[in-house]
Every structure is written in C-alpha cells, then in structure tokens.
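Here's a quick tour of one protein chain, with a look at its sheets, cores, pockets and a few backbone oddities. Have the viewer open as you read.

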Amino acid sequence: MTGIAPHPTESGTVLAGAAGGGVWKTTDNGASWIPLTDGLNDLSVGAVAYAPSSPNVVYVGTGEGAYTIDRIPGIGLLRSADGGATWTVPSSVLASHFHRINVHPTNPDELLVGSSRGALRSTDGGATWSTVISPTEYGDVPEIVRDPTDPRNLFATTWCITGGCTFKTAHVLKSTDGGATWTDRSSGLPTAAPVDASYERLSLALSASNTSVLYAARSIKPPTGTIVSHIYKTVDGGATWTDLPSVSSRNPRYLADQSWYNNTIVVSPTDANTVIAGGTRYLRSTDGGSNFSSALENGT
C-alpha cells in the first residue's frame, strides 16, 4: 500500500492506495474494504489525500512513486468531490509518478504534490498548476510535510534519482509562503556526489508538538563496502542537521539495501522524542534519537 489517508473527522474511515490495485475504502476500522477506482483504466496509486476542511474532496496521484523495474506509470492526478464515489480524470497527465499529496488544512483547493516532476502547486483544485521545485534542478520530490501550527510553513525533500539534476545530492527545502517559494535547509546533510543516487531518497517527519524538530532517514552507499542507514535530526527548524550515531553506528542496516523503497519515519504527535523509523526493520526511540531499539523486540 503506497498511500494511506485516514478520514479527518470520521473515526474508522480510511482510504488506502495500492501500487497496482487502485484505491480502497474502509468505514469499519479495516474489517472490510470496498474498491473505489475499479472503473478507471489505471490502478497504480502513488499517493492519496483527503482535503481536511472538506473531506468529500479527495485527491489521488496515479503512478507509484518508486523506481522499481515493475512500476506502473499513472494517468495524472484524480479528484473526487463525493468522497471517492466518482472521479474527475484530468485532460492531461500532470506527472506519471506521485510520492505525496499535501492539502491545505482550511482550503480544499490549495495543494502541493511531490512527484517525478518535482513539486507542483495548485490553488484551484488542480485545474492549473505551477512548478515550485524544479525537476531539472532537484529531481523528484518524495516528501512534503506541513507545520500543523502554521500552514504556510512546509518542508520537502529532493531526490535526483536520474543523476541529471543540478543538485545531485538529496536536499531538504523549506517554504514559509505555503509552498510558492523554497529555500535550502540542508546544512549538515551529506554533500558528496552519490555513488548510487537511488539511495539518496530521504523520508521526513515533523514533530507536531515541537515544530523545530524534524527527522530525516536515508542510506549512503560507499564506493566499497556495506550500505549504511542514517537518521538525521534538526532541533532548529532545519537550519542545521546532525547525523544520529545511534543509527549509523549501532543500527546501520535497518534499511538494508532498500532505502529507495522501504523508508518511512514518524514522530509521536505529542512527544518530539518518540520516533519510529520503518525500513526492512523497524526502529524506535523514546529519547529523541540518542538510542534506538527494534520496535518489535519482545513482541511489542
């Protein structure tokens, strides 16, 4: 499942998008599911999102946002005005692969998408778009997170998977105007040209309880030797990042060789020190990343 979107007001209602199986909906906490997109001619999904202020509005980015040999290209961004019962198919393909959709919390027509064409922004429900993070400069945009205390503040990560971008290393960018413009916030992150760009994918998590704290996860492939997992942390809103040795030194293989696909991270909504990182294995920290342990140890 490549995209999961809980309903903003109805407990137990969730949308889930599959890499090759369309969008599904549950209204009973996952006990049963119904398909919502079987009538479409493309069932590859990369991202799905409710509009928080108007949850009948749903957006789906078709085309899995991954670089696997069997990934399926999409037909662009779909929009529903009735909770997914029917869909508006775009007249042109905005992007063929989607990573993230982030909808403004109070305006259902304002959204940002992270895609194989960089980051794009719409203020009219997807009728028109502007490119706000250039694919020729940065490549894909695999992550977009929004400050829950100020929707004008957003962070995004970049991924020059093709190797042909101006900036070949993964960057973190910040916007303070709702995604219209972006500035670099990558101090402390790796700057060396990658041996293999596929491992440059950065997952990103923003603490809701302390929005100056973010975590980012990726791997680094050295010229020789083993691929090493890393988690970076900032406590100053992205001005500087620190590599957490509790991962790179003591849990260097939790992503294995799959950081380009099995790579996600999340922070507790009430505690900036509680972090779960998902890769080929799961790690959990309750002290802000000073120590990580297996999240599945002892059956917990």
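A nonpolar core here means a set of buried Ala, Val, Leu, Ile, Met, Phe, Trp, Tyr and Cys residues joined through side-chain atoms within 4.5 Å. Keep in mind that this is a predicted model.

## Two nonpolar cores

With that in hand, the largest nonpolar core has 16 residues, and Tyr215, Ile231, Tyr254, Ile265 and Phe292 touch the most other members. Strands β17, β20 (264-267) and β21 (275-278) are the elements that give two or more residues to this core. There's another core apart from it, with 14 residues, including Ala47, Ala49, Ala51 and Leu111. As background, nonpolar side chains tend to be buried together in soluble globular proteins.

What does Tyr254 touch once its neighbours within four places in sequence are left aside? The list takes in Ala217, Ser229, Ile231 and Val247, and then Ala277, Gly278, Gly279, Thr280, Arg281 and Leu283.

## The β16 to β19 sheet

Four strands make up an open sheet, and the order is β16-β17-β18-β19 with antiparallel pairing. At the edges sit β16 and β19 (242-243), each of which pairs on one side only. Generally speaking, strands of a sheet pair through backbone hydrogen bonds, either parallel or antiparallel.

Zooming in on β16 (residues 203-206), Ser203 and Ala205 point one way while Leu204 and Leu206 point the other, and all are buried. That fits the usual picture, in which side chains of a regular strand alternate between the two faces of the sheet. The antiparallel link from β16 to β17 (residues 214-220) is made by 4 bridges. To find the register in the viewer, pick Leu206, whose bridge partner in β17 is Leu214, and then Ser203, which stands opposite Ala217 in β17.

## Strand β13 and its partners

Strand β13 (residues 154-159) is mostly covered, with 6 of its 6 residues buried. Leu154, Ala156 and Thr158 point one way, and Phe155, Thr157 and Trp159 point the other way.

Which strands does β13 pair with? One is β12, which runs antiparallel to β13 and is joined to it by 5 bridges; there, Asp140 stands opposite Trp159 of β13. Another is β14 (residues 172-175), also antiparallel and joined to β13 by 4 bridges, with Lys174 of β14 as the bridge partner of Phe155.

## Pockets

The largest pocket comes in at a volume of about 1700 Å³. It's lined by 47 residues, and Ile4, Arg100, Glu143, Ile144 and Val145 lie nearest its centre. Split by class, that lining has 29 nonpolar, 12 polar and 6 charged residues. At least two lining residues come from each of β1 (3-6), β5 (45-50), β8 (98-103), β12 (140-146), β16 and β20. Of the contributors, β8 gives the most, with 6 residues.

The second largest pocket holds about 240 Å³ of space. Its lining runs through Leu77, Arg79, Thr88, Val89, Pro90, Ser91, Ser92 and Leu94, plus Gly125, Gly126, Ala127 and Trp129. By class, that's 6 nonpolar, 5 polar and 1 charged residues.

## Positive phi and a loop arginine

Most residues other than glycine have a negative phi. Asn29 has a positive phi near 60° without being a glycine, and you'll find Asn29 in the loop between β3 (22-26) and β4 (34-35). Is Asn29 buried or exposed? Asn29 counts as exposed because its relative accessibility is 66%, and the cut-off for exposed is over 50%.

Ala256 is also a non-glycine with a positive phi, of about 50°. Ala256 sits in the loop between α2 (245-248) and β20, and its relative accessibility is 18%, so Ala256 counts as buried; the limit for buried is under 20%.

The loop between α2 and β20 also holds Arg253. With a relative accessible area of 32%, Arg253 is partly exposed. Beyond residues up to four places away in sequence, Arg253 touches Thr226, Ile227, Ser229 and Arg281. For a sense of scale, Arg253 and Gly22 are 231 residues apart in sequence and 32 Å apart in space, C-alpha to C-alpha.

Methods. Residues are numbered from 1 along each chain as its sequence is written. This is a predicted model: local features need pLDDT of at least 70, side-chain atom pairs count only at pLDDT 80 or more; totals for chains, interfaces and linings use all residues. Side-chain values use heavy atoms; hydrogens and water are left out. Buried means under 20% relative accessible area, exposed over 50%, partly exposed in between (1.4 Å probe, protein chains only). Two strands pair if DSSP finds at least two bridges between them. Contact means heavy atoms within 4.5 Å. On a 1 Å grid over the protein atoms alone, a cavity is a set of points where a 1.4 Å probe fits but cannot get out, and a pocket is an open set with protein on both sides within 12 Å along at least five of seven lines; lining residues have an atom within 4 Å of a point. Grid points are joined across faces, edges and corners, and a volume is the space filled by probe spheres set on the points. Ala, Val, Leu, Ile, Met, Phe, Trp, Tyr, Cys and Pro count as nonpolar, Asp, Glu, Lys and Arg as charged, and the others, Gly among them, as polar.
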